[in-house]
Amino acid sequence: MRVKRAAAARERAKSGATFERAFKRKIKKTFAEFDHKGDFMGTKGGILALDLGKKTGVAVLNDQGHLCWHTELKLGKLDIEARTYQLYDHLARLVRMFEPSAIFSEKVLLSGMGRKESLAYMEAMVVLVSRKNKLPWHSVWPSSLKKATTGNGRCSKEDMLEASKRRWNIEQHIKLSDNVADALAVADWAISSGTFVVKED
């Protein structure tokens, strides 16, 4: 039993270190475009916006409401338990690195089995991270998010993708997953709903 636990601990540490290195490389490259020179302090007081799923979309805004970073956390190859743990670990790292003032996400149905059950566990991790770091957590229903983004509560993923690109001045030819597009829509809703009050320049 002790051997298995030790092996599991080493595997988690190895996975965490690999994630940390890749994460920092990607952030350093992305932040160079914004002249942040790899300094995460530029996002302090902003928000962390999420679209939960096997491929979780992430968007980070600074306190002035400017988009600083976005990515997709790929968790689909893991079982529910491992996926839940990895999401918690990733979110904890994101909070430490970006120091947001709040977390926003698209609401999920907290009932049912299969995919709904997995999403319920993932949302629970968002709540846990927000509570542990004393950050407010806000969520929005998918239909309300679609209506706020496109004016149509039953719009397609393509409509959400195009609307998010227009809102955040991302050129249409640039490839963007629908998960990241939804996270960007959540970030926009945070501002447009008045839940996140941006700091004046």
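Which residue in β3 does K55 stand opposite? K55 stands opposite K74. This is a predicted model, in which local features need pLDDT of at least 70, side-chain atom pairs count only at pLDDT 80 or more, and totals for chains, interfaces and linings use all residues. Residues are numbered from 1 along each chain as its sequence is written, and side-chain values use heavy atoms, with hydrogens and water left out.

**Sheet**
- Five strands (DSSP E runs of at least two residues, numbered from the N terminus) form an open sheet in the order β3-β2-β1-β4-β5, with mixed pairing.
- The edges are held by β3 (67–74) and β5 (137–140), each with a single partner strand, so one side of each has no neighbour in the sheet.
- From one strand to the next, the twist averages 20°.
- Strand β2 (residues 55–61) pairs with β3 in the antiparallel sense over seven bridges; pairing requires at least two DSSP bridges between two strands.

**Helix across the sheet**
- Helix α6 (residues 178–192) lies across β1 (47–51), β2, β3, β4 (102–106) and β5, at about 135° to β1.
- Helices are DSSP H or I runs of at least four residues, and angles run from 0 to 180 degrees between N-to-C directions of axes fitted to C-alpha atoms, for helices over the stretch in contact.

**Helix pair**
- Helix α4 (residues 142–150) packs against helix α5 (residues 157–167) at an angle of about 50°, with the axes 9 Å apart.
- In α4, L145, K146, T149 and T150 meet D159, M160 and A163 in α5, contact being heavy atoms within 4.5 Å.
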